[in-house]
Amino acid sequence: MTAGFIGLGAIGAPMATNILANGLHLTVWNRTASKTVALAEKGAAVAATPAGAAEDIVFTVLTDLPDVEQVLAGPEGLLAGWAERGTRDPVLVVMGTVSPTAVRALAASLADEHGVSVVDAPVSGGDEGARNGRLSIMVGGEADTVERLTPYFDAMGSTVRHLGPVGSGQVAKSCNQIVVAATVIALAETFVYARQTGLDMEALAELLSGGLADSELLRQKGWRLLRHDYAGGGALANQVKDLRFALDQARELGVPLPGAAHSTQFFTSLMAMGYGHEDHTAAQRVFEMLAGVEHDR
């Protein structure tokens with residue numbers, strides 16, 4: 001059993017690194033070829049095209065399904081690569097955050113037309129969790145197919161749960177993103193309030209981390225709020241994308257999500273102000289603006 005890996009961004013590259021560190025073979029491809037160099041030095045084979053990475057199993061860590069569909073299609077795509085190799089029962093593992101409804105439709109199409117099994121396995125834990133192999137991996141797909149992926153998931157994550165058929169992982173990720181978005185907003189609001197009262201912010205962060213207000217998000221990203229450093233990290237625009245998937249699914253089910261709707265509007269406002277590329281902790285900017293606070297950035 002061989003594996004390919006496509007999408008070597010801030011999350012994907014360390015995930016691939018951990019797979020290699022566990023003695024598993026990988027063939028990697030990335031649109032920006034320079035991002036494959038470090039993995040090649042760790043033992044990965046480097047493909048010139050997505051077709052070249054069409055191993056028995058292919059993991060994709062891409063922003064949305066149109067990106068996945070792009071690497072599937074065409075003479076240099078995964079489908080062409082699998083066909084050329086005569087691969088039987090290839091598996092596509094979609095690890096980016098995408099629409100639950102859309103990934104189910106893609107899975108049905110690929111199974112019917114090409115014999116490809118799709119597993120959705122979005123992750124949570126940020127770039128730190130990816131580096132440390134401590135991601136939470138939310139899995140949807142056929143049980144026997146998921147079982148084949150166990151060594152790879154164990155290399156990338158510390159909490160791996162198979163939740164049901166394809167799309168189940170994306171629903172779980174939607175739940176995760178609703179909580180994350182609300183927590184980011186609450187922390188941003190809190191930090192601006194506390195700073196204006198004159199509290200020692202480092203001490204406050206330590207106290208929050210030691211009480212019921214503690215969270216993985218505070219531990220990983222509290223420093224961003226303290227330092228007003230929003231470069232890199234989880235793009236605010238992706239937060240909005242993920243929340244919209246949750247709202248779309250909830251609308252189909254007739255389930256109200258007022259908190260998620262508020263968070264979506266909040267982050268959409270930041271995007272309109274030109275901050276969509278920044279980490280979602282840039283939520284702090286809104287509360288500073290409302291409070292009339294200015295900081296050097």
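The legends below describe close-up views of a predicted model.

**View 1. The largest nonpolar core and the elements that supply it.**
The largest nonpolar core of the predicted model has 32 residues, and those with the most contacts inside it are Phe5, Phe59, Val93, Met95, Phe153 and Met156. At least two residues of this core come from each of β1 (3-6), α1 (12-21), β4, β5 (91-94), β8 (135-140) and α8 (150-156). Of these contributors, α1 gives the most to the core, with five residues.

**View 2. The surroundings of Phe59, and a second core.**
Leaving aside residues up to four places away in sequence, Phe59 touches Ala3, Gly4, Phe5 and Ile6, and in addition Val93, Met95, Leu149, Tyr152, Phe153 and Met156. A second core, separate from the largest one, has 29 residues, among them Leu208, Leu225, Val240 and Phe266.

**View 3. The buried loop residue Asp279 and its neighbours.**
Asp279 is placed in the loop between α13 (258-272) and α14 (284-291), and because its relative accessibility is 0%, this residue counts as buried. When residues up to four places away in sequence are not counted, Asp279 touches Lys221, Arg224, Tyr230, Gly232, Gly233, Gly234 and Leu236. With Gly234 there is a contact to the backbone, whose nitrogen lies 2.8 Å from a polar atom of the Asp279 side chain.

**View 4. The salt bridge between Lys221 and Asp279.**
Side chains of opposite charge can pair when their charged atoms come close. Lys221 and Asp279 form a salt bridge in which the closest N and O atoms are 2.7 Å apart. Lys221 belongs to helix α11 (residues 216-227), whereas Asp279 is in the loop between α13 and α14, so the pair ties together parts that are 58 residues apart in sequence. Both Lys221 and Asp279 are buried, and the two residues also take part in a network of salt bridges that links them with Arg224 and Asp229.

**View 5. A salt bridge within helix α12.**
The structure holds ten salt bridges, and one of them joins Arg251 to Asp248, with the closest N and O atoms 3.0 Å apart. Both residues lie in helix α12 (residues 236-253), where Arg251 and Asp248 are three residues apart, about one turn of the helix. Arg251 is exposed, since its relative accessible area is 59% and the threshold for that label is over 50%, while Asp248, at 39% relative accessibility, counts as partly exposed.

**View 6. A salt bridge within helix α6.**
Arg131 forms a salt bridge with Asp127, and the closest N and O atoms of the pair are 3.8 Å apart. Because Arg131 and Asp127 are four residues apart in helix α6 (residues 126-132), about one helical turn separates them. Asp127 has a relative accessible area of 27% and is therefore partly exposed.

**View 7. Thr63 in the loop between β4 and α3.**
Thr63 is found in the loop that runs between β4 (57-60) and α3 (65-72), and with a relative accessibility of 42% this residue counts as partly exposed. Apart from residues up to four places away in sequence, the residues that Thr63 touches are Thr97, Asn238 and Lys241. Between Thr63 and Gly9 there is a separation of 54 residues in sequence, and the distance in space from C-alpha to C-alpha is 9.9 Å.

Methods:
Residues numbered from 1 in each chain as written. Predicted model: local features only at pLDDT ≥ 70, side-chain atom pairs only at ≥ 80, totals over all residues. Heavy atoms only, no water. Buried < 20%, exposed > 50% of the residue type's maximum accessible area, 1.4 Å probe, protein only. Contact = heavy atoms within 4.5 Å. Polar contact = N/O pair within 3.5 Å; in protein donor to acceptor, adjacent residues only side chain to side chain. Core = buried A, V, L, I, M, F, W, Y, C linked by side-chain atoms within 4.5 Å. Salt bridge = Lys/Arg side-chain N within 4 Å of Asp/Glu carboxyl O.
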